[in-house]
Amino acid sequence: MIRFSDISGNPVMDTSTATTVGRVEAPIIDPATQRVVGFRVKKSKGPGDVLLWSALAGLGPDAITVASTDKVAEPPEELKERSGRKLDVLKRPVLTEHGHPLGKIRDVEFDPADGRVTSLLLKDTFVDGGRLLGIGRYAVVVAG
C-alpha cells in the first residue's frame, strides 16, 4: 500500500523524453469503484492537468511515469467535476450515511497496483476504503 502523502508533489516524468511533465497534486477518486482513477497534476507541459490511472506507465515512491506528455490531458466529462480543486478529498469532512461526523481526511492509502482505496486516514483513526459511498461538494460519505 502507498499513501498519497508519499507521492504528493513528486514529478510526473515523460519516459520518451526524460523530462518532467508536472507534479502530482491530488488524487481523483471514483466512489462507485472505490479506486483512485487518476491524479490532478500541476503541469509544466501537456494539454491538460489530469493524468488518468490508465495512462500511467509506472508509479513509484520517487516519481510517476508516463509514455508521453499528452497523457496529462483534459479529464473526460464524467471526471470533470471530480478532478476540480473543489472536490479534492484531502481535508474534506467525513460523514456517515446517517450524518455523523468522523473527522477530516488527512491522507488516502491505496494499492499502487490497481488504485483500490484501502483507507481514508483521519486525525485519530482511519476508515476502511470499502465503506466509501460518495464524494460531494461538502463532505465524503461513508457507510455506517
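Begin with the open sheet of four strands, whose order is β1-β11-β12-β13 and whose pairing is antiparallel. Select β1 (2-3) and β13 (126-128) in turn: these two stand at the edges, each with a single partner strand, so one side of each is left without a neighbour in the sheet. Keep in mind throughout the tour that this is a predicted model.

**Inside the four-stranded sheet**

Select β1 together with β11, and you will find the two strands paired in the antiparallel sense over two bridges. Within this pair, R3 stands opposite E109 in β11. Then extend the selection to β12, which runs antiparallel to β11 and is joined to that strand by four bridges. Here the residue to pick is D107, which has L121 of β12 opposite.

Which way do the side chains of β11 point? In a regular strand the side chains alternate between the two faces of the sheet. In β11, D107 and E109 point one way while V108 and F110 point the other way, and all of them are buried. If you show these side chains as sticks, it is worth noting that the buried set includes the acidic pair D107 and E109 as well as V108 and F110.

Follow the chain next from β11 into β12, across a hairpin that has six residues between the strands. Within this hairpin, select G115, which takes a positive phi near 80°.

**Two successive hairpins, from β2 to β4**

Move now to β2 (11-14) and β3, which run antiparallel and are joined by four bridges. M13 can be picked as a landmark on this pairing, since it stands opposite T20 in β3. The two strands form a hairpin with four residues between them, and A18 in the turn has a positive phi of about 55°. A18 takes this positive value although it is not a glycine. Is A18 buried or exposed? Its relative accessibility is 62%, and A18 therefore counts as exposed.

Continue along β3 and into β4, where the two strands run antiparallel and are joined by eight bridges. On this pairing, select R23 and look across to β4 for its bridge partner, K42. β3 and β4 also form a hairpin with four residues between them, and in its turn the residue to select is Q34, which has a positive phi of about 55°.

Before leaving this region, select R40, which has its place in strand β4. Although an arginine, R40 counts as buried, because its relative accessibility is 4%, and buried means under 20%. What does the side chain of R40 meet? Show E25 as well, and you will find a polar contact of 2.6 Å joining the side chains of R40 and E25.

**A stop in the loop after α2**

Select the loop between α2 (77-83) and β9 (93-96), and within that loop pick K91. K91 is a residue other than glycine, yet its phi is positive, near 70°. With a relative accessible area of 68%, K91 is exposed.

**The nonpolar core**

Now hide the loops and colour the largest nonpolar core, which has 30 residues; among these, V12, F39, L51, L120 and V140 touch the most other members. To see where the core draws its residues from, select the elements that each supply at least two of them, including α1 (4-7), β3 (19-30), β4 (35-43) and β7 (64-66). Further along the chain, β11 (107-110), β12 (117-121), β14 (132-135) and β15 (140-142) each supply at least two residues as well.

**Stepping back to the whole chain**

Finally, show the full cartoon, in which the protein chain has two helices and 15 strands. The radius of gyration is 15 Å, close to the 15 Å that the globule rule gives for 144 residues, so the chain is as compact as a globular protein of that length. Along the principal axes, the C-alpha atoms fill a box of roughly 50 × 30 × 20 Å.

If you switch to a surface view, the accessible surface comes to about 7,300 Å², and 50% of that belongs to carbon and sulfur atoms. Of the 144 residues, 43% count as buried. Of the contacts in the chain with a separation of 6 or more, 49% are accounted for by residues 24 or more positions apart.

Definitions and conventions:
Residues numbered from 1 in each chain as written. Heavy atoms only, no water. Core = buried A, V, L, I, M, F, W, Y, C linked by side-chain atoms within 4.5 Å. Buried < 20%, exposed > 50% of the residue type's maximum accessible area, 1.4 Å probe, protein only. Pairing = 2+ DSSP bridges. Polar contact = N/O pair within 3.5 Å; in protein donor to acceptor, adjacent residues only side chain to side chain. Rg over C-alpha atoms; globule rule 2.2 N^0.38 Å. Contact = heavy atoms within 4.5 Å. Areas by Shrake-Rupley, 256 points an atom, 1.4 Å probe, with all protein chains shown as cover.
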